[in-house]
Amino acid sequence: MLLLREFSIPFDDEKKLLYSRSRVDFEIQGSIYVECKVSTNSTQFTRAMGQVSLYKAEGKEVWIVVPDDVDVRKDQREILEKQGVQVLSETMLQEKLSGKEPLSQLSTKTTVACGVCKCCGKINVTMSRSPSNCLRSYCVSCEDEVKQRVFDGRQDRWIKVG
Ligand SMILES: [Zn+2]
């Protein structure tokens, strides 16, 4: 990675993990694993999360770097932060490596959408999502209830059958 050469920080390319056959993108300063250019699409992100737990098992600090032009979903970022993982954009990584605390902010997309549930009718509830991550028209608490209902286009509501 060019950036690291620029800063002449000692790093290992494609560092082999101790306890598994996978590799981490970079190890810097002997204690930080950096996984680069993580895409935030669900499949890739889930894979990155799996990697993270492997790195953590080795007691390393983990940074995940996403391209500058990519938005990280707020929920994804929260999951990582809960695991003590730093999520950085390329610019932020640059700032960090030059010894500054990052000034830039990671752009997060708040796609944990709140909306009006067309089943229970509550407002400001967290909406359910399909496996492909699309928002549904009902809230997370109605996921079971909705199976017993049908959608009525005229009323724009999930209504009880019979
Ligand atoms: Zn609801």
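Reader: I'm starting with Cys120: with 16 C-beta neighbours inside 10 Å, what does this residue count as?

Author: Cys120 counts as partly exposed, because it has 16 C-beta neighbours inside 10 Å. A residue is buried if 20 or more other C-beta atoms lie within 10 Å of its own, exposed if 12 or fewer, and partly exposed in between, with the C-beta atoms placed from the backbone. Before we go on, please keep in mind that this is a predicted model, in which local features need pLDDT of at least 70 and side-chain atom pairs count only at pLDDT 80 or more, while totals for chains, interfaces and linings use all residues. The residues are numbered from 1 along each chain, as its sequence is written.

Reader: OK, and where is Cys120, and which residues does Cys120 touch?

Author: Cys120 sits in the loop between strand 8 and strand 9. Leaving aside residues up to four places away in sequence, Cys120 touches Cys139, Ser141 and Cys142, where contact requires that the two C-beta atoms, placed from the backbone, lie within 7 Å. Cys120 and Trp158 are 38 residues apart in sequence, and their C-alpha atoms are 8.2 Å apart in space.

Reader: How many helices and strands does the chain come to?

Author: The secondary structure comes to 4 helices and 12 strands. These are DSSP runs numbered from the N terminus, with H or I and at least four residues for a helix, and E and at least two residues for a strand.

Reader: Back to strands 8 and 9, then: which strands make up the open sheet, and in what order?

Author: The open sheet has 3 strands in the order 8-9-10, with antiparallel pairing; two strands pair if DSSP finds at least two bridges between them. Strand 8 (114-115) and strand 10 (135-139) stand at the edges with a single partner strand each, so one side of each has no neighbour in the sheet.

Reader: Which residues are bridge partners there?

Author: Strand 8 is joined to strand 9 (residues 125-129) by 2 bridges: Cys114 has Thr126 as its bridge partner, and Gly115 has Val125. Another 2 bridges join strand 9 to strand 10, where Arg129 stands opposite Leu135. Strand 9 and strand 10 also form a hairpin with 5 residues between them, and Asn133 in the turn has a positive phi of about 80 degrees.

Reader: Where else is there a hairpin with a positive phi in the turn?

Author: Strand 11 and strand 12 form a hairpin with 4 residues between them, and Asp156 in its turn has a positive phi of about 55 degrees. The two strands, residues 149-152 and residues 157-160, run antiparallel and are joined by 4 bridges, one of which pairs Arg149 with Lys160. Asp156 is exposed, because it has 10 other C-beta atoms within 10 Å.

Reader: Why mention the sign of phi?

Author: Most residues other than glycine have a negative phi, so a positive value is worth mentioning. Asn124 is another example, with a positive phi of about 60 degrees although it is not a glycine. Asn124 lies in the loop between strand 8 and strand 9, and it counts as exposed because it has 9 C-beta neighbours inside 10 Å.

Reader: New topic: how many residues does the largest nonpolar core have?

Author: The largest nonpolar core has 16 residues, and those with the most contacts inside it include Val62, Trp63 and Ile64. Such a core is a set of buried Ala, Val, Leu, Ile, Met, Phe, Trp, Tyr and Cys residues joined through C-beta atoms within 7 Å. Among the elements that give two or more residues to this core are strand 3 (32-35), helix 2 (42-57) and strand 4 (61-66), and strand 4 gives the most, with 5 residues. Apart from this core lies another, of 6 residues, among them Cys119, Tyr138, Cys139 and Cys142.

Reader: What does Trp63 touch?

Author: Not counting residues up to four places away in sequence, Trp63 touches Ile32, Val34, Gln86 and Leu88.

Reader: Last one: where is confidence lowest, and where is it highest?

Author: Confidence is lowest in helix 1 (residues 2-6), at a mean of 52, and highest in strand 12, at 95. The chain averages a pLDDT of 76, and 72% of the residues score at least 70; pLDDT is the predictor's confidence in each residue, from 0 to 100. Where pLDDT is low, the predicted coordinates should not be read in detail.
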